[in-house]
Amino acid sequence: MMAIRELKVCLLGDTGVGKSSIVCRFVQDHFDHNISPTIGASFMTKTVPCGNELHKFLIWDTAGQERDLSGGCVASLELTGYLKALVETLDVQSRQDELCSDRREFHSLAPMYYRGSAAAVIVYDITKQDSFYTLKKWVKELKEHGPENIVMAIAGNKCDLSDIREVPLKDAKEYAESIGAIVVETSAKNAINIEELFQGISRQIPPLDPHENGNNGTIKVEKPTMQASRRCC
Ligand SMILES: Nc1nc2c(ncn2[C@@H]2O[C@H](COP(=O)(O)OP(=O)(O)OP(=O)(O)O)[C@@H](O)[C@H]2O)c(=O)[nH]1
């Protein structure tokens, strides 16, 4: 018998750094050169074994670019039944209505995605120094407003393009160490370190107390399963 734990994870970072591509590679082992920019946010799940537990990642992929939410709301509200339940819990619907009418920028929505998250994957593009500055802004925001014990994982994506790199790995490692984050260079395109990124997160999540009897939001299941809740591309 294994305990299944639901872990909310959000992806944050500049537009075009590859957040959706990382999720798509992790959940579906697929890469799309023509992937569309995210509007609002998208949601997927994947369950992976971790020691004596199963970690069911509830992954929120957020939009990196500020957009007019009057369009974004439509996409964001095309939700699965499961997601609807989650959204009701978070009271996202009423907040989105409010935000749509105000046409505020998407960053106002970000707290809904990192609130209650066990982990945040903050992504930058190793070929774009600016995306590393944006990453630092996200870290600052998480430190100030995010959950207290949130696991932070930094992904330096597009490492297949290291010949045009602008951000040295050393800089990312030093920064990650200074904030107590995991860091890994990834390539969603070439499937490099994507599994390892999420395994690293799993390892940072303290195991459940074996004496607890499943009344802490966990479910006992017979066998490990892998699943994706919907297509991302
Ligand atoms: N070479 C290379 N290109 C990548 C990689 N990951 C993503 N891309 C490309 O980068 C572009 C942006 O990828 P997305 O996954 O949409 O980026 P995003 O961060 O989700 O962007 P927003 O939705 O705007 O926030 C697409 O053309 C991808 O094909 C990678 O590892 N290597």
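## Overall fold

Eight helices and seven strands make up the chain, and you are looking at a predicted model. The chain has 233 residues, and 47% of them count as buried. Much of the contact network links distant parts of the sequence: among contacts with a separation of 6 or more, 76% are between residues 24 or more positions apart.

As for the outside, the chain exposes about 11,700 Å². Carbon and sulfur atoms supply 49% of that area.

## Helix α1, an enclosed element

Let's turn to helix α1, which covers residues 19–28. Nine of its ten residues are buried, so the helix is largely enclosed by the rest of the structure. The buried residues run through K19, S20, S21, I22, V23, C24, R25, F26 and V27.

What do these buried residues pack against? Their partners are the strands β1 (2–13), β2 (41–50), β3, β4 (119–125) and β5 (151–157), together with helix α8 (194–204). Just after α1, D29 adopts a positive phi of about 50°.

## T62 in strand β3

Strand β3 spans residues 53–62, and T62 belongs to it. Is T62 buried or exposed? With a relative accessible area of 3%, T62 is buried, because the cut-off for that label is under 20%.

Beyond its neighbours within four places in sequence, T62 is in contact with L11, L12, K19, T38, G40, A41 and Y113. Its side chain also reaches the backbone oxygen of L11, at 2.7 Å. G18 makes a useful reference point too: T62 and G18 are 44 residues apart in sequence, while their C-alpha atoms are 11 Å apart in space.

## The ligand and its surroundings

Now for the ligand, which sits in the second largest pocket. There are 24 residues around the ligand, and T15, K19, S21, T38 and G64 come nearest. Which element gives the largest share of the shell around the ligand? That is α1, with three residues. Two residues named earlier return here: K19 and T38, both in contact with T62, are also among the residues that come nearest to the ligand.

Several polar atoms of the protein lie beside the ligand. A backbone N or O atom of T38 is 2.7 Å from a ligand oxygen atom, and a backbone N or O atom of V17 is 3.3 Å from an oxygen atom of the ligand. D160 contributes a polar side-chain atom, 2.8 Å from a nitrogen atom of the ligand. Taken alone, the ligand exposes 660 Å², and the protein buries 88% of that.

Conventions. Residues numbered from 1 in each chain as written. Predicted model: local features only at pLDDT ≥ 70, side-chain atom pairs only at ≥ 80, totals over all residues. Heavy atoms only, no water. Helix = DSSP H or I, 4+ residues; strand = E, 2+ residues; numbered from the N terminus. Buried < 20%, exposed > 50% of the residue type's maximum accessible area, 1.4 Å probe, protein only. Contact = heavy atoms within 4.5 Å. Areas by Shrake-Rupley, 256 points an atom, 1.4 Å probe, with all protein chains shown as cover. Polar contact = N/O pair within 3.5 Å; in protein donor to acceptor, adjacent residues only side chain to side chain. Near = heavy atom within 4 Å. 1 Å grid on protein atoms, 1.4 Å probe; cavity = no way out; pocket = protein on both sides within 12 Å on 5 of 7 lines; lining within 4 Å. Sits in = over half its atoms within 2 Å of the grid points.
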